[in-house]
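Biologist: Please take one pair of packed helices and look at it closely. Then work outward to what surrounds it.

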Amino acid sequence: MPEQTLQAQEKMETVDTLILGGYLVTVDEADREYPDGALAIRDGRLVAVGPTAEIAHRYEASNVINASGKCIFPGLVNTHTHLFQTFMKGLGEGIHVHEWLKVVTTPGILQMEPDDFYLSAMVGCMEAIRSGTTTLVEYMYPNPRHEMGDAVLEALVDSGVRALLGRSVADIGDNDGYPVTAYYADLLEPLDEALQDCARLVRACRDRGEGRVTFCLAPPNMRCVEPETFAVFQEFARAHNCIITMHTCETARDDEIIGARHGLRAIEWLEGLGFLASNFLAVHCVHLIEDGIRRFARNDVRVSYNPVSNMYLGNGVAPVARLLEEGVIVSLGVDGASSNNSQNMLEALKMGVLLQRAATQNPGVMSSRDALRMATIDGARAIGMAHEIGSLEVGKRADVLIADFYQPISAPYYNPVSTLAFSSSPQVVDTVLVGGRVVLQDGQVTALNERELILRAQQAGRRLALRSYGPQVLELCPAIAAP
Ligand SMILES: [Zn+2]
């Protein structure tokens with residue numbers, strides 16, 4: 001062997017995985033891109049990011065992914081969903097959110113068994129991964145049947161996705177709280193018991209979450225929380241180092257009810273309670289007024305923008321352009337599959353931009369790059385994980401999306417960011433890694449029998465629909481009775 005080659009080989013460092021030869025979009029501070037880029041991954045983290053020529057020269061690995069002709073992005077971060085709603089996909093169309101809570105989600109959740117939660121969450125996670133999502137914020141409704149939280153945790157772990165397991169806690173059970181339904185009593189439990197279960201889930205995530213699943217506190221909305229309880233939530237969040245996420249101003253109802261109870265606008269009231277902080281992820285914010293936007297900005301509150309859900313339920317348009325002008329960190333979410341009706345983050349990228357352009361009548365108000373940042377680094381910031389995920393930088397977790405744009409929907413492609421945001425569907429998602437582990441390869445889910453899980457979910461979903469809504473559901477959804 002020539003001496004020069006021998007020296008080169010001696011210098012090679014061994015890593016677990018190399019991704020070579022793709023158009024690399026890092027979404028780092030400088031928005032660096034490498035037309036022929038590569039990643040080196042060891043112990044689930046990125047140890048090198050840069051040109052293929054440099055990285056292939058320095059590192060060797062037993063697992064080499066050839067990304068030639070493909071584009072490499074950070075995995076997408078979905079900051080809001082309800083995975084149990086996968087079983088309610090397509091039910092209750094055309095009704096207002098408060099009625100929808102009453103007739104669709106609450107009757108369904110009360111009839112769900114742990115296996116339903118598991119299968120529903122698994123199908124939701126598989127769809128998420130197939131649309132390039134590597135991290136999601138799951139948001140469980142209040143539920144005194146604590147085994148449901150364990151079923152969702154099990155699904156999050158089995159699916160391979162990175163997640164925050166959000167668990168709801170509510171302590172006002174009247175018609176202005178949550179949900180506006182006679183079923184409410186069945187979902188209510190004493191505050192201390194709910195918080196004990198939250199603390200149990202913090203430990204369960206730590207013990208069983210494989211370092212990928214952590215806990216977050218998720219009160220449903222401000223109308224179902226006693227004023228003094230917000231301080232209890234913040235105390236819990238500090239003690240357990242977790243964020244708090246809550247539906248906020250999804251409709252005008254928060255302002256109406258808080259106005260009637262306390263004579264203040266919703267966000268002014270929350271600020272007065274000392275609740276607004278950088279560990280608060282406010283979801284929807286469709287009916288946020290100028291005063292609320294400024295209060296969010298000065299308290300560094302984070303926002304989850306859910307354009308498809310907001311359109312599906314006819315809630316309106318979040319003032320995202322104004323939030324961005326004020327420097328508020330805005331992330332992207334899909335919301336549950338009963339108000340979307342999918343978990344497709346690529347669709348959220350496109351709709352998120354187009355909805356702002358339509359609402360402001362300004363095609364320059366938001367770009368594909370803005371959407372990508374929302375779905376990656378700002379998603380990571382919104383959930384307090386920017387030091388770990390959200391961009392492809394040395395030291396961060398290897399959460400990676402590899403897209404194959406040689407598809408009818410995307411070809412020919414010229415600008416990878418525009419193509420991902422505007423000319424994509426899950427069919428372009430070729431390979432996904434979470435913490436260096438390949439969970440989707442060549443368009444196939446690895447380590448799970450996807451077909452078998454979907455068949456089980458289809459059967460269990462039909463049984464649940466009949467249990468929850470009775471035979472009349474067949475009139476609207478005739479396929480429930482199909483073989
Ligand atoms: Zn929601």
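Modeller: Helix 4 and helix 5 pack at about 30°, and their axes are 8 Å apart. This is a predicted model, so read every value as computed from predicted coordinates. Two packed helices are described by the angle between their axes and the distance between the axes. Handedness can be added: the crossing of helix 4 past helix 5 is right-handed.

Which residues make the meeting between helix 4 and helix 5? From helix 4 come P114, F117, Y118, A121, M122, C125 and M126. From helix 5 come E147, M148, A151, V152, E154, A155, L156, D158 and S159.

Now helix 5 on its own. With 13 residues at 1.5 Å a residue, helix 5 should span 18 Å. Its end C-alpha atoms lie 19 Å apart, which agrees. The buried residues of helix 5 are M148, G149, A151, V152, L153, A155, L156 and S159. Among them, M148, A151, V152, A155, L156 and S159 also appear in the meeting with helix 4. What do the buried residues of helix 5 pack against? Their partners are helix 4, strand 7, strand 8, helix 7 and strand 9. Just past the end of helix 5 sits G160, with a positive phi of about 90°.

V152 deserves a stop. Leaving out residues up to four places away in sequence, V152 touches L83, F117, A121, E138, M140 and L165. F117 and A121 are helix 4 residues from the meeting described above. L165 falls in strand 8, residues 162-167. E138 and M140 fall in strand 7, residues 133-140.

V152 also belongs to a wider group. The largest nonpolar core has 153 residues, and V152 is among those with the most contacts inside it, along with L39 and I72. Helix 4, residues 114-130, gives this core its largest share, ten residues. In soluble globular proteins, nonpolar side chains tend to be buried together.

Next, the way into helix 5. Y141 sits in the loop between strand 7 and helix 5. Is Y141 buried or exposed? Y141 is buried, because 22 other C-beta atoms lie within 10 Å and the cut-off for buried is 20 or more. Neighbours within four places in sequence aside, Y141 is in contact with H82, I109, S168, L187 and P220. Y141 and L156 are 15 residues apart along the chain, and their C-alpha atoms are separated by 16 Å.

Turn to helix 7, one of the partners of helix 5's buried residues. Helix 7 runs over residues 191-208. Its 18 residues reach 25 Å from first C-alpha to last, close to the 26 Å expected. Buried in helix 7 are A194, C198, L201, V202 and C205. Those five cover an arc of only 105° around the axis, which puts them on the same side of helix 7. The face turned away from that side carries the exposed residues D192, E193, R203 and D207. The buried residues of helix 7 pack against helix 5, strand 8, strand 9 and helix 8. After helix 7 comes E210, whose phi is positive, near 55°.

Helix 8, residues 229-240, leads on to another backbone detail. N241 lies in the loop between helix 8 and strand 10. Its phi is positive, about 50°, although N241 is not a glycine. N241 is exposed, because 11 other C-beta atoms lie within 10 Å and the cut-off for exposed is 12 or fewer.

Compare V27, in the loop between strand 1 and strand 2. V27 is not a glycine, yet its phi is positive at about 55°. Where N241 is exposed, V27 counts as buried, with 22 C-beta neighbours inside 10 Å.

Last, two peptide bonds to check in your viewer. A cis bond joins N340 and N341, with omega about 5°. N341 is in the loop between strand 13 and helix 14. A second cis bond joins A411 and P412, with omega about -10°. P412 is in the loop between strand 14 and helix 17. P408 is in the loop between strand 14 and helix 17 as well. P408 counts as exposed, with 8 C-beta neighbours inside 10 Å.

Terms used
Residues numbered from 1 in each chain as written. Predicted model: local features only at pLDDT ≥ 70, side-chain atom pairs only at ≥ 80, totals over all residues. Helix = DSSP H or I, 4+ residues; strand = E, 2+ residues; numbered from the N terminus. Expected span 1.5 Å × (residues − 1). Arc of directions from axis to C-beta. Contact = placed C-beta atoms within 7 Å. Core = buried A, V, L, I, M, F, W, Y, C linked by C-beta atoms within 7 Å. Axes fitted to C-alpha atoms, helices over the stretch in contact; angles between N-to-C directions. Left-handed = near helix turned anticlockwise from the far one by under 90°.
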